[in-house]
Amino acid sequence: MELHRVTVDILDINDNSPLFPRGEIELEISELAVPGARFPLESAIDSDVGLNSLQKYTLNPTDRFHMKVQNGIDGTKNVEMVLQTALDREKNTHHQLTLTAFDGGKPQRSATVKINVIVLDANDNAPVFTQPTYKASVLENAAKGSLVTRVSATDADESSHSIQYYFEHVTSAAKALFSIDMDSGEIKVIGSIDFEKHKQFKIKVKAKDHGGLTDTSETIIDVIDVNDNGPKITIMSFSSSVSEDAEPGTVVAMINVQDLDSGDNGKVTCSIDRNSPFKIVSSLSNYYNLVTDSALDREHTADYNITINAVDSGNPSLSSKELLSIKISDVNDHAPQFEQESYKAYVMENNPASMSILTVKADDADWGPNARVSYYLVDGNLNGAPLVSYISINADSGVIYAVKSFDYEQLKSFKLQVRAQDGGSPPMSSNATLDVFIQDQNDNAPQVLYPVQTGGSLVAEIVPRSADVGYLVTKVVAVDVDSGQNSWLSYKLQKATDRALFEVGPQNGEIRTVRQVTDKDAVKQKLTVVVEDNGQPSRSAVVNINVAVADSFPEVLSEFTDLAYDKNYNDSITFYLVLALAAVSILFIFSIIAIISVKIYRWRQKRLFYKSAANLPVIPYYPPAYADGTLQHVYNYEVCGTTDSRMSDMKFARPYSQNTLGSISRMSTMQREKQEQENTDLLLEQKPPNNDWRLPPNQRPGPSGAGARPEEAGAGAVGGTGPWPNPPTEAEQLQALMAAANEVSEATATLGPRYNAQYVPDYRQNVYIPGSTATLTANPQQQMPQQALPPPQALPPAEAPKAAPTPASKKKATKKDKK
């Protein structure tokens, strides 16, 4: 190593403008001042040097004053204002002047200050300082308030006691450290003085009397250095490790020592303890080298603590210390040793690639490169693949990483060897065993084995409507390939068409009925079962189960046909499907309108037909109590039957009667009035048939004939609602009705056009027996089973025609018929 001294000169640029201490100067000048009187002004300060510093001043206006610049010994420029013509206070008491300072830089910078001249009355003598220059000295770090010097001035006038003292042309640094008493002229310390920052101060002091006359003097203050700074030690270069075979004179550290004080206070001596195999030598002024002085032996001493002492020559002297720790390295005579002979690492499956598994550590008792341990994996194979494809290790830190993600279902554990090798020559090494165990993670969701979820076909479980509580509908079978609690499965019913009907076993997945199945339950039931495992977080699978509540397969098939449709439509025919749907919708609307119109038209025709007496009453069985051979109430029934009893329908028209007035007393007041009006209209429009075609008493149907008991006849004649006396058998009723129908047809043949065959229906075609489920027709091929009809007496006499009952209202109609 070699040291060379370099001196750097900073070139000045014109980056500072001249600066006046104050923005405005106020001068008081007596009117007795004679031309040629000089008035010192505060000079501008420019921090630049050379041509960039302050060069000239200009004064404006120049009718009464002109400017004079004097160059000081130290290169400063002192500016004075000289009176050209006498002042007259009675003419002008104030004069405004502008002083401009210019530097010599390019571009040129300047500063201005306003001068306000106040003309005073006559003052014959100006104050005069006792010395043109005052010299003083002050110790650095002098206490605040310490007296530095005292300036004084005399005035030949009687008012010499009114002289006041001011600082003029003072820098900001001097103004912050010193102050002057306006009346006594004492200069005192007001700040902390540091010799290392300022060694001398030049301050101009101005004395002014009450008449405005002034005088200036310069005060030079020298700062005396004291030994207040101790030596400072800087370690420039240091090698903390030294080989035990290092030769004497080997440089261990380079040191620089500095002292900010001057003279003897800045002279420094550097030394170390002699009881060590090192010494310190000086290469340049204030620079030292720490070198080996004798042979080193690490087995004897492994490290040294060297204390460097630096002492200056001040009185009293100051010193500083620096401690260096030096370690001795030796040859590679120790192998690395692992902290453990075997390691165990547990890795969660599905680990990210490059995840840290374990950190192995080996120590070497050697030093330096001989103790730098590197880690390697001993070559080996795992499941036919190289070991490095599963595990890698950082050669410097010993951190073991997983090269890829492990799967517990494929690999549960493996073993490998780790080698630690130092950096010596020749290197030394040792091995350790590492057992890696893969831990299971809940990375597999449950798989539903049954019921099988198919996309094309529809599978439904059938539950009969006779199923009891706890009926086993089906069982959800699921498995989880994970292990431990990650494979424990639980079942939960998530959604159902009717939650109150089914439940699922939380452990076995069995779906059973909770209550008795009723007829109101929908045929089509859809259940959604969630299968969850016990992992953290848990995983789940969803299975949809279609359940049909029905007793027959055709019913199930009709309900679930809509689910079997293929939902994958071709996008190219979407437009045509929409167009066809619109056309069908329009056609359907017009069809509905046409059907409604036809229905209304037929209803009106039918109403007119009833009013024209085209619909004659059916002649039923006559009880023996009725001597006239007629019933109080006559009903016209219209029955439609199908092979399926649930689709049968029945309609009955409103009754027509000749003796309707007998039943009016059983109605409410409003219904009675309305019924009376309707019956009156019907009687006026349709006249009763001729009495000639009424049957004689001996030809009336029934086994009783005229010999019926009067009490029974009277009981049956009250309102037409009482029981018939001695009810005939079905065979007797059938014979009586057939005979009555034949006689009626013969009688109608002799009637006029109003009662001819085209208006009177053939009652032999469809004869109803009250109280019986049988229907008698003249044509055997047209006989169809009919539902039981209520007897005519149970129907209200003025009931309006009703619509055909729906299957949902059959039970209510049956109950009503029974009542």
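A salt bridge here is a side-chain nitrogen of Lys or Arg within 4 Å of a carboxyl oxygen of Asp or Glu. The model on screen is predicted, and the structure holds nine such salt bridges.

**Stop 1: the whole chain**

Show the protein chain as a cartoon. There are seven helices and 48 strands in it. The chain has 819 residues, and buried residues make up 37% of them. Switch to a surface: the accessible area of the protein chain is about 47900 Å², with 53% of that belonging to carbon and sulfur atoms. For contacts between residues at least 6 apart in sequence, 67% join residues at least 24 apart.

**Stop 2: colour by confidence**

Colour the chain by pLDDT. The average is 75, and 69% of the residues score at least 70. Where is confidence highest, and where lowest? Strand E29 is at the top with 93, while helix H5 (residues 710-717) is at the bottom with a mean of 36. Next select residues 613-669, where the pLDDT is below 50; the model still gives this stretch 143 contacts beyond near neighbours in sequence. Then select residues 682-725. Here pLDDT stays under 50 as well, and the model has 65 contacts beyond four places in sequence.

**Stop 3: Arg22 and Glu42**

Select Arg22 and Glu42 and show their side chains. The two form a salt bridge, and their closest N and O atoms are 2.8 Å apart. Arg22 is in the segment before strand E1 (24-30), and Glu42 is in the loop between strand E2 (38-40) and strand E3 (54-60); the pair links distant parts of the chain, 20 residues apart. Which of the two partners is buried? Glu42 is, because its relative accessible area is 7%, under the 20% limit for buried residues. Arg22, at 41%, is partly exposed.

**Stop 4: Glu80 and Arg38**

Stay with strand E2 and add Glu80 and Arg38 to the selection. Their side chains meet in a salt bridge, 3.4 Å from N to O. Glu80 belongs to strand E5 (residues 77-83) and Arg38 to strand E2, so the bridge ties together parts that are 42 residues apart in sequence. Glu80 counts as buried, because its relative accessibility is 13%. Arg38 is partly exposed at 46%.

**Stop 5: Asp293 and Arg274**

Move to Asp293 and Arg274. This is a salt bridge with its closest N and O atoms 3.9 Å apart. Both residues sit in loops: Asp293 between strand E22 (287-292) and strand E23 (303-312), Arg274 between strand E20 (268-272) and strand E21 (278-284). The pair therefore ties together parts 19 residues apart in sequence. Asp293 is partly exposed, with a relative accessible area of 33%, whereas Arg274 counts as exposed at 56%.

To finish with charged pairs, select Asp498, Arg515 and Asp521, which are linked in a network of salt bridges.

**Stop 6: Glu244**

Select Glu244 in the loop between strand E18 (241-243) and strand E19 (251-258). Is this residue buried or exposed? Glu244 is buried, with a relative accessible area of 16%. Add Ala302 and draw a distance between the C-alpha atoms: the separation is 9.2 Å, although the two residues are 58 apart along the chain.

**Stop 7: the largest nonpolar core**

In soluble globular proteins, nonpolar side chains tend to be buried together. Select Phe338, Ile391, Phe406, Phe414, Leu416 and Val418. Of the 28 residues in the largest nonpolar core, these touch the most other members. Strands E26 (342-348), E29 (373-377), E32 (391-393), E33 (399-402), E34 (413-422) and E35 (429-439) each supply at least two residues of this core.

Centre the view on Val418. Leaving out residues up to four places away in sequence, its contacts include Phe338, Val360, Tyr376, Leu377, Ile393, Ile400 and Leu434. Ser430, Asn431 and Ala432 are also among the residues that Val418 touches.

Another core lies apart from this one; it has 26 residues, among them Phe167, Ala174, Phe178 and Ile221.

**Stop 8: a nonpolar patch on helix H3**

Last, select Ile589, which is found in helix H3 (residues 574-611). Ile589 counts as partly exposed because its relative accessibility is 49%. Extend the selection to Ile586, Phe588, Phe590, Ile592, Ile593, Ile595, Ile596 and Ile600: with Ile589 they form a nonpolar patch on the surface, whose accessible area together is about 890 Å².

Terms used:
Residues numbered from 1 in each chain as written. Predicted model: local features only at pLDDT ≥ 70, side-chain atom pairs only at ≥ 80, totals over all residues. Heavy atoms only, no water. Patch = residues over 30% accessible without salt bridge, like charges linked within 9 Å, V, L, I, M, F, W, Y side chains within 5 Å. Areas by Shrake-Rupley, 256 points an atom, 1.4 Å probe, with all protein chains shown as cover. Helix = DSSP H or I, 4+ residues; strand = E, 2+ residues; numbered from the N terminus. Buried < 20%, exposed > 50% of the residue type's maximum accessible area, 1.4 Å probe, protein only. Core = buried A, V, L, I, M, F, W, Y, C linked by side-chain atoms within 4.5 Å. Contact = heavy atoms within 4.5 Å. pLDDT = per-residue confidence, 0-100.
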